[in-house]
Amino acid sequence: MKTLVKQDNAWYNNLILDLKKLEFTGVVLTKWSIGKRILEDFDKFGSPEYGSKKIENIARDCKVSSRDIYFCLQVAKKYPNSATPLQSYSWHYVTNKLLPSPKEERIKSENSLQLSDSKIEIRKGDFKTVLNDIYNIDAIITDPPYPYEFIDCFSELSLYAKEHLKEDGFAAVYSGQYHLPEVIKRLSEHLTYVWTFCLYHVGKKQLVNGVNIMCGWKPVLIFSKGKKKMRFSAYDVLVSEKREKDLHPWQQSESGVLELINILTKPGELIVDPFAGSGTFLKAASDNGRKAIGAEIKC
Ligand SMILES: C[S@@+](CC[C@H](N)C(=O)[O-])C[C@H]1O[C@@H](n2cnc3c(N)ncnc32)[C@H](O)[C@@H]1O
């Protein structure tokens, strides 16, 4: 017989009320105060008894990004007694210079790190070497570097995917627009082209000087080992919510990738990101119940 656990959400409602009541006393001090207040209830997060709330719930209820909350927590943990040492700095300086970046946090050891509180593993080095022992990958979701000098990455990724993906696995590869024909050609060396998804950036447009085009979307190329039909029905426009880039060093918004994760895999399956960067995709995969392994050459 199932035991009914009575969920207590009163603490959480009080927390959100307190956060909304905080006086605006300057960006850094306010963010520090937010972090301090959340830390008071930190041990309740994830507990079924306390409603299984996640940090992401605060972000949604306070209409800020999860990364912003993450930084508030980091700053409050690093300066537990007072925000005075931070007073002369801007929030941008604090997050970029004084706090460990998510990348540094995740890649602490020489060669690899298995985080105790998640299933993310980022291996240090060239993906062709450090991910060579991983087979039967359900999906590769990755964002290789776009400049032309890195174009060989796409050929290498194509070969890696052919050898390491499951027979019915898919690769979703972010790409810039500029060298798209060459990128598709390189990925097609060992894989089959399936589709191009549009990752639409809400509110974010960028002028591409060389062509004088205001660009508001990014191609996400879907390749397979021959299979054309996707495992789950999919809408080919992904939406990346606007983010406050100056507050966060992470490069890609998590929001677009969540849909890809759900389109390409089921919970419990393995997602690999050979070009992990700060590990945004791996974190999103792990947070959504997938196993997540990646590589990053520069760390
Ligand atoms: C566009 S960034 C990835 C950004 C990532 N999606 C994020 O949100 O942080 C590409 C990354 O691939 C890494 N990289 C380039 N070549 C690599 C290789 N051969 N093996 C592993 N990582 C590589 C680069 O150092 C860079 O951090």
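**Close-up views of a predicted model**

**View 1. The largest nonpolar core, with its best-connected residues.** In this predicted model, the largest nonpolar core is built from 47 residues. Look for Ile141, Ala171, Ala172, Val173, Val220 and Leu260, the residues with the most contacts inside this core. Strand S4 (residues 165–174) gives the most to the core, contributing six residues. Apart from this core lies another one, of 15 residues, and Ile69, Tyr70, Cys72 and Ala83 are among them.

**View 2. Val173 and the residues it touches.** Let's zoom in on Val173, one of the residues with the most contacts inside the largest nonpolar core. Leaving out residues up to four places away in sequence, Val173 touches Thr142, Pro144, Leu157, Leu187, Val220, Leu221 and Phe223.

**View 3. Strands S2 and S11, side by side.** How many bridges join S2 and S11? The two strands pair over five bridges, in the parallel sense. Within this pairing, Ile122 stands opposite Gly294 in S11. Strand S2 (residues 120–124) is mostly covered, with four of its five residues buried.

**View 4. Asn288, a residue in a loop.** Here you can find Asn288 in the loop between helix H11 (280–287) and strand S11 (291–296). Why is Asn288 called partly exposed? Asn288 has 16 other C-beta atoms within 10 Å, and a residue counts as partly exposed because its number falls between the limits of 12 or fewer for exposed and 20 or more for buried. Not counting residues up to four places away in sequence, Asn288 touches Leu258 and Ile261. Lys266 is 22 residues apart from Asn288 along the chain, and their C-alpha atoms are separated by 9.4 Å.

Terms used: Residues numbered from 1 in each chain as written. Predicted model: local features only at pLDDT ≥ 70, side-chain atom pairs only at ≥ 80, totals over all residues. Contact = placed C-beta atoms within 7 Å. Pairing = 2+ DSSP bridges. Core = buried A, V, L, I, M, F, W, Y, C linked by C-beta atoms within 7 Å.
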